[in-house]
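Take a walk through this protein, one stop at a time. Keep the sequence and the model side by side as you read.

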Amino acid sequence: MKRVLVATGGGDCPGLNAVIRAIVYRASQEKDWEVLGSIQAFNGVLWEPPEIVVLDRKKVAGIHFRGGTIIETTNIGGPFAWPVKNDDGTWTTVDRSDEMIRKIKYMNIDAVINIGGDGSQRISKRLYDKGLNIIGVPKTIDNDLRSTDSTFGFQTAVQVATDAVDKLVTTAASHNRVFFLEVMGRDAGWIALNAAVAGGAEVCLIPEIPYDINKVFEALERRFHHDRGFAVVVVAEGARPIDGETVSEKSDIVGYENKILGGISRKIMKDLKKIGFKREMRETVLGHLQRGGVPIAYDRVLSAQFGVKAFEMVLNKEYGKMVSYQHPNFVGVPFEEAIKEPNLVTPDTALVKTARGLGICLGN
Ligand code: F6P
């Protein structure tokens, strides 16, 4: 019997379960393959005793439309930075990657499929360089991985954000208000830009195009005539003013390395008031509603394709690669290429031109 171990790492994302199900269903068509799942990314391997579960058809039946991941996930620590408490109560991190690879071999596991975003794919590459047979599957609502046309979960997040714009438009119009909708995306403005275009927002502020508060003022003011009017502004959580920084804080959780973004809408509202903007304003921070719950059909289909392809790459021993969607095909790209640089919005991106063509103010 051959064994493949599946792990889901980083923030959860709609479609993770659909990928897991697709791997298991495809593997079940081979006589001699068993699929295992490591609980909470690679923690399941590193814990004593380990927490590894068997993923068979019965276990994964019907999970394709369930949000989250049945094998749990974490974005804290990892095999290369395992948090350890010192005697004096302070924390440090240790590299347990060699031990983890030994454990995986001892468990007679032939290959690993690591489903995750850029951080997880970096871990995959380092593990591959150390001799682990590993394949990556790109996951992120942020759509910030360059070497694939799309990542699963992204379109679901865009749909959630667009639904929110639609709802805010009706309340904004009824009250003659300006509404700010703060959406996720980390350093990438893809969710914001897509939701702004889909929902017909007046202003969209993204990390890649630092905004001028005076331009935002002017664009909003143009929406009002004799004190009547309304506007919706979609703001990416990573947006920042031309002369300032993003609004973020550092987590006090040991091993959590990402900055915690949030609060830029509140800052913009304050700054607008400071320069004399008098309209009534409200904000909605969408947060993790964009990550939880049912994946839309597009993401389920994408997840199914990623899962089936990932297992077929295991069969073909195409290790050291991440599955990539390059329309209309699914191919493997070396980890090195997959993590080289992030997929960010650029000024010449077609969607930026479309947004400008629709008259959406991008804050510059
Ligand atoms: O990378 C996905 C993402 O949802 C980002 O858009 C967001 O900034 C971050 O994760 C939130 O992470 P956490 O769930 O750890 O708060």
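His226 sits in the loop between helix H8 (213-221) and strand S10 (231-236). This is a predicted model. In the model, His226 has a positive phi of about 50°, although it is not a glycine. Most residues other than glycine have a negative phi. Is His226 buried or exposed? His226 counts as exposed, because its relative accessibility is 79% and the cut-off for exposed is over 50%.

Now turn to Asn143. Its loop runs between strand S7 (134-138) and helix H6 (154-175). Asn143 also has a positive phi, near 60°, and is not a glycine either. Its surroundings are another matter. Asn143 is buried, with a relative accessible area of 7%. Buried here means under 20%.

Asn143 leads on to Asn343. The backbone oxygen of Asn143 lies 2.8 Å from a polar atom of the Asn343 side chain. Asn343 belongs to the loop between helix H11 (335-339) and helix H12 (350-357). So a residue of one loop meets a residue of another, because the two atoms fall within the 3.5 Å allowed for a polar contact. Asn343 is buried as well, at 12% relative accessible area. Which residues does Asn343 contact, leaving aside its neighbours within four places in sequence? They are Asn143, Asp144, Leu145, Arg146, Ala188 and Trp190.

Next comes Met184. Find it in the loop between strand S8 (178-183) and helix H7 (190-199). Met184 is buried, with a relative accessible area of 10%. Its C-alpha atom is 6.0 Å from that of Ala236, although the two residues are 52 apart along the chain. Residues up to four places away in sequence are not counted in its list of contacts. With those set aside, Met184 touches Ile141, Ile191, Glu237, Gly287, His288, Gln290 and Arg291.

Thr284 offers another pairing across the sequence. Thr284 lies in strand S13 (residues 281-285). How far is Thr284 from Phe179 in space? The C-alpha atoms are 7.6 Å apart, while the residues are 105 apart in sequence. Phe179 is also in contact with Thr284, and so are Leu168, Phe180, Leu181 and Glu182, once neighbours within four places are left aside. Thr284 counts as partly exposed, at 26% relative accessibility.

Arg126 tells a contrasting story. Arg126 lies in helix H5 (residues 118-129). Arg126 and Lys167 are 41 residues apart in sequence, and their C-alpha atoms are 45 Å apart. Arg126 is partly exposed, with a relative accessible area of 45%. That value lies between the 20% limit for buried and the 50% limit for exposed.

Two prolines come next. Most peptide bonds are trans. The bond from Glu48 to Pro49 is cis, with omega near -5°. Pro49 is placed in the loop between helix H2 (43-46) and strand S3 (52-54). The bond from His327 to Pro328 is also cis, with omega near 5°. Pro328 is in the loop between strand S14 (321-326) and strand S15 (329-334).

Now step back to the whole chain. How many helices and strands does the protein have? There are 12 helices and 15 strands. The C-alpha trace spans about 75 × 55 × 35 Å along its principal axes. The radius of gyration is 22 Å, and a compact globule of 364 residues would have one near 21 Å, so the two agree.

Links across the sequence make up much of the contact picture. Take the contacts between residues at least 6 apart in sequence: 72% of them join residues at least 24 apart. The pair Thr284 and Phe179, in contact and 105 residues apart, is one of the examples met above.

Last, look at the surface. Of the 364 residues, 52% count as buried. The protein exposes about 16,300 Å², and carbon and sulfur atoms supply 49% of that area. Its side chains include 46 positive and 45 negative ones. The centres of these two sets lie 3 Å apart.

How values were computed. Residues numbered from 1 in each chain as written. Predicted model: local features only at pLDDT ≥ 70, side-chain atom pairs only at ≥ 80, totals over all residues. Heavy atoms only, no water. Helix = DSSP H or I, 4+ residues; strand = E, 2+ residues; numbered from the N terminus. Rg over C-alpha atoms; globule rule 2.2 N^0.38 Å. Buried < 20%, exposed > 50% of the residue type's maximum accessible area, 1.4 Å probe, protein only. Contact = heavy atoms within 4.5 Å. Areas by Shrake-Rupley, 256 points an atom, 1.4 Å probe, with all protein chains shown as cover. Lys, Arg positive; Asp, Glu negative; His and termini not counted. Charge placed at Lys NZ, Arg CZ, Asp CG, Glu CD. Polar contact = N/O pair within 3.5 Å; in protein donor to acceptor, adjacent residues only side chain to side chain.
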